[in-house]
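Reader: Please examine one part of this structure closely, namely the place where its chains meet, together with the helices that line it. A connected account would be preferred.

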Amino acid sequence: MNPLSDPLSVVFILSSLMSVVAAILIVHHKSIVYSAFFLSVLGVGNAILFTLLGFPIIALFHLSVYVGAAVTFILFSVVMLKEAPVVEPPVKALAVIAAGVLALIMMKIFSVFTAEPSFLLNYRDLTALLVTKYWFALIVAAIALVTTLIEAITLARREGV
Amino acid sequence: MEASWYLFVSSILFAIGIYGLLTRRNMIRMLLSAEIIFNAALLAFLSLASLDAGYGPVGGAIVVIAISLSAAEVGVIVSIAIMMFRMRRALDVYELKKFRG
């Protein structure tokens, strides 16, 4: 069967390409501001893949919390910093080989999972699970976020550093 | 689409993130590479969770918590980077050695 005849396959191919190209640009773009921008493109591509897997609520959460807050925070912070020239370690060839071997090994391991995802996340199941089984992890996440907020305010108000 | 295709995309993203971490010394660029790895891990996690209806909501719940913690982690690292830039006018991670107490 031609994968291009199925609209969902076309969406999968386009969003995967978007994610991979965005990831390459994050690592290779000269400007760090554009790199941070491409992280948001990667987030959008991943959110589309999450929706295709049957997790539309997680995709919305990823868009609002990760792309909307975390990546935007990085982007605005990076604009304030002047990119100082850094001597990069001369291990590019070695890193390419290591990353390539790693990708091949992972693909070999993952090729076992040939089943098609046929699942749609129900938000009632998700929220019930969060407040019954994972309530402690939820509290820890909330405390971590509040601590980060306090730390950011403290650093912003600190003078003479 | 088979789940293996999603996992292949996740593997490629993971490899790109590892390459970025190995070849960069700029703190923000290393953070961005780590975020690529985080996105790859989320994709792999949800791909595997979607194969079983029983584990689907569990995977979703863990990913929600992971995304929240990632937002907190980004805040901490960017704050350290800003403080380091104020003190040293550099974002080179090798300079972090000088912050030892």
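Author: Patches are made of residues with over 30% relative accessible area and no salt bridge, like charges being joined within 9 Å and nonpolar side chains (Val, Leu, Ile, Met, Phe, Trp, Tyr) within 5 Å. A salt bridge is a side-chain nitrogen of Lys or Arg within 4 Å of a carboxyl oxygen of Asp or Glu. Accessible areas come from the Shrake-Rupley method with a 1.4 Å probe, and for residues only the protein chains shown count as cover.

This is a predicted model, in which local features need pLDDT of at least 70 and side-chain atom pairs count only at pLDDT 80 or more, while totals for chains, interfaces and linings use all residues. Residues are numbered from 1 along each chain as its sequence is written, chains are lettered from A and ligands numbered from 1 in the order in which they are written, and side-chain values use heavy atoms, with hydrogens and water left out.

Chain A has 81 residues in contact (heavy atoms within 4.5 Å) with 70 residues of chain B. Buried area is the accessible area (1.4 Å probe) that two parts lose on being put together, summed over both; between chain A and chain B this area is about 7000 Å², and carbon and sulfur atoms give 78% of it. A:Phe12, A:Val27 and A:Leu81 supply 9% of the area that chain A buries against chain B, more than any other three residues. The rule finds 0 salt bridges across this interface.

Helices are DSSP runs of H or I with at least four residues, numbered from the N terminus. A:Ser19 belongs to helix H1 (residues 7-28) of chain A. With a relative accessible area of 0%, A:Ser19 is buried (under 20%; exposed is over 50%, partly exposed in between, with a 1.4 Å probe and protein chains only). Not counting residues up to four places away in sequence, A:Ser19 touches A:Leu42, A:Gly45, A:Asn46, A:Leu49 and, from the other chain, B:Leu13.

In chain B, 15 of the 21 residues of helix H1 are buried, so this helix is largely enclosed by the rest of the structure. B:Gly17 lies in that helix and is buried, with a relative accessible area of 0%. Apart from neighbours within four places in sequence, B:Gly17 is in contact with B:Ser33, B:Ile36 and B:Ile37.

On the surface, A:Trp135, A:Phe136, A:Ile139, A:Val140, A:Ile143 and B:Leu69 make a nonpolar patch of about 580 Å². Helix H6 (residues 135-157) of chain A gives the largest share, 5 residues. A:Val140, found in helix H6 of chain A, is partly exposed, with a relative accessible area of 37%.

Definitions and conventions: Helix = DSSP H or I, 4+ residues; strand = E, 2+ residues; numbered from the N terminus.
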